[in-house]
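Biologist: Got a minute to go through this one with me? I'd like to ask some questions while we both look at it.

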Protein chains: 2
Amino acid sequence: MYPHEQTENTKELKARVEAFKALCRSRSLRVTEQRLEIFRTLAQSKAHPSAEAVFAAVRKKLPNISLDTVYRTLASMEEAGVVFRVGLSTKARFDADLTPHYHFVCMDCGEVYDVFPQPGAPSLLVPQDINRFGEVKNANLQFRGICNRCRAAAGKEK
Amino acid sequence: MYPHEQTENTKELKARVEAFKALCRSRSLRVTEQRLEIFRTLAQSKAHPSAEAVFAAVRKKLPNISLDTVYRTLASMEEAGVVFRVGLSTKARFDADLTPHYHFVCMDCGEVYDVFPQPGAPSLLVPQDINRFGEVKNANLQFRGICNRCRAAAGKEK
DNA sequence: AACCTTGTTAAGAATAATTCTTATGTTGAA
DNA sequence: TTCAACATAAGAATTATTCTTAACAAGGTT
């Protein structure tokens with residue numbers, strides 16, 4: 001890596017960390033060393049690390065951090081929209097309907113709903129350069145959010 | 001459900017089961033009661049059941065079936081392209097890059113690669129009626145397949 | 001129809017991923 | 001500085017999935 005690139009990256013990283021701090025404050029989430037370090041790690045990585053991998057990296061700076069803190073923090077960062085979770089919740093679900101359609105998955109209860117493309121909509125186009133990585137077997141488009149039932153339930157309990 | 005619908009559905013189910021048997025034979029997979037019952041259960045369900053849920057349903061017909069058999073069978077059915085797995089493998093991965101892009105996920109090693117949309121490509125359009133189900137927080141398009149590294153490794157071991 | 005060969009299964013132990021419990025520590029508002 | 005609320009570490013507990021092993025059964029062969 002060239003020095004000027006490093007400078008650029010360092011600048012950008014600092015800016016992102018500041019933005020993260022501001023976001024935390026705006027949500028009345030406390031700015032802890034653990035949260036900052038986890039965010040820095042993730043913001044610097046291009047490897048889509050697992051919770052375990054983030055844990056290993058952060059540990060070098062904060063040897064006493066617990067894996068649970070990493071899980072909790074990643075979840076709250078996802079909630080805040082600062083990071084993106086690749087994949088889904090831990091439980092696999094299956095579908096025997098092979099006609100082209102997508103899924104709406106509730107981030108709260110895990111329920112899965114079928115979503116069919118609008119008639120006449122262009123079919124999903126696969127980016128060309130994907131073949132650089134390997135052989136594609138299938139595509140999976142899912143939308144995540146909170147289903148009506150969970151939203152209603154969350155409203156009531158207040 | 002109206003009687004004639006049931007007849008239609010039953011007919012269609014039988015046809016699908018026959019096709020499944022044929023597929024098994026063509027792949028020299030043995031046609032066992034367990035496989036048939038698991039396939040029937042899944043083909044009749046619109047609930048995107050989990051392995052556990054399939055297990056519970058199949059158990060009513062085959063009280064001695066094991067959960068492990070359900071897992072094994074679902075995996076082989078996915079491999080055969082008969083069912084679709086909603087979501088991903090069990091390990092969560094995270095990404096701090098929030099610019100619009102997709103992922104290519106290796107079904108073998110779990111590695112995640114970034115895939116960027118082609119310049120000028122229309123952005124992903126969200127089907128209108130998705131709002132029937134709840135509030136969408138984000139969209140996730142992923143392609144699954146075998147990455148070059150795993151393909152090479154699989155080739156060697158033969 | 002009995003007979004193998006080999007793939008398949010049940011049972012339960014083992015592992016992997018994630019979450020919970022509880023006591024202690026820390027942030028940031030007053 | 002004080003203190004309430006929130007966050008953390010540690011490790012136990014839970015959940016989801018996979019492995020191990022011995023018994024079993026499918027389907028080709030005789």
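**One helix, two chains, one strand**

Modeller: Sure, and let's begin with a helix: in α4(B), the buried residues are B:Thr69, B:Val70, B:Thr73, B:Leu74, B:Met77, B:Glu78 and B:Ala80. Keep in mind that this is a predicted model.

Biologist: How wide an arc do they cover around the axis of α4(B)?

Modeller: An α-helix has 3.6 residues a turn, so residues three or four places apart point the same way. The buried residues of α4(B) include B:Thr69, B:Thr73 and B:Met77. They all sit on the same side of α4(B), because the arc they cover is only 165°.

Biologist: What span should α4(B) have, and how far apart are its end C-alpha atoms?

Modeller: It has 14 residues, and at 1.5 Å a residue the expected span is 20 Å. That agrees with the model, where the distance between the end C-alpha atoms is also 20 Å.

Biologist: Which residue just after α4(B) takes a positive phi?

Modeller: Phi there is about 80°. The residue is B:Gly81.

Biologist: Now the non-glycines: is B:His48, with its positive phi, buried or exposed?

Modeller: B:His48 has a phi of about 50° and belongs to the loop between α2 and α3 of chain B. Its relative accessible area is 2%, and the cut-off for buried is under 20%. So B:His48 is buried.

Biologist: And B:Ser28, buried or exposed?

Modeller: B:Ser28 also isn't a glycine, and its phi is positive, near 50°. You'll find it in the loop between α1 and α2 of chain B. Its relative accessibility is 68%, and over 50% is the cut-off, so B:Ser28 is exposed.

Biologist: On to the DNA: which side chain has an N or O atom 2.8 Å from a phosphate oxygen of DNA strand C?

Modeller: Of the atoms of DNA strand C within 4 Å of the protein, 68% belong to sugar and phosphate. Backbone atoms reach phosphate oxygens too, at 3.3 Å for B:Asn64 and 3.1 Å for B:Ser66. The side chain at 2.8 Å is that of B:Arg35.

Biologist: Last one: what kind of axis relates the two copies?

Modeller: Two copies of a chain are related by a rotation about an axis and a shift along it. Here a turn of 180° and a shift of 0.0 Å lay chain A on chain B, with an RMSD of 0.1 Å. The copies are thus related as by a two-fold rotation axis.

Technical notes. Residues numbered from 1 in each chain as written. Chains lettered and ligands numbered in written order. Predicted model: local features only at pLDDT ≥ 70, side-chain atom pairs only at ≥ 80, totals over all residues. Heavy atoms only, no water. Near = heavy atom within 4 Å. Polar contact = N/O pair within 3.5 Å; in protein donor to acceptor, adjacent residues only side chain to side chain. Helix = DSSP H or I, 4+ residues; strand = E, 2+ residues; numbered from the N terminus. Expected span 1.5 Å × (residues − 1). Buried < 20%, exposed > 50% of the residue type's maximum accessible area, 1.4 Å probe, protein only. Arc of directions from axis to C-beta. Least-squares fit on C-alpha atoms with pLDDT ≥ 70 in both.
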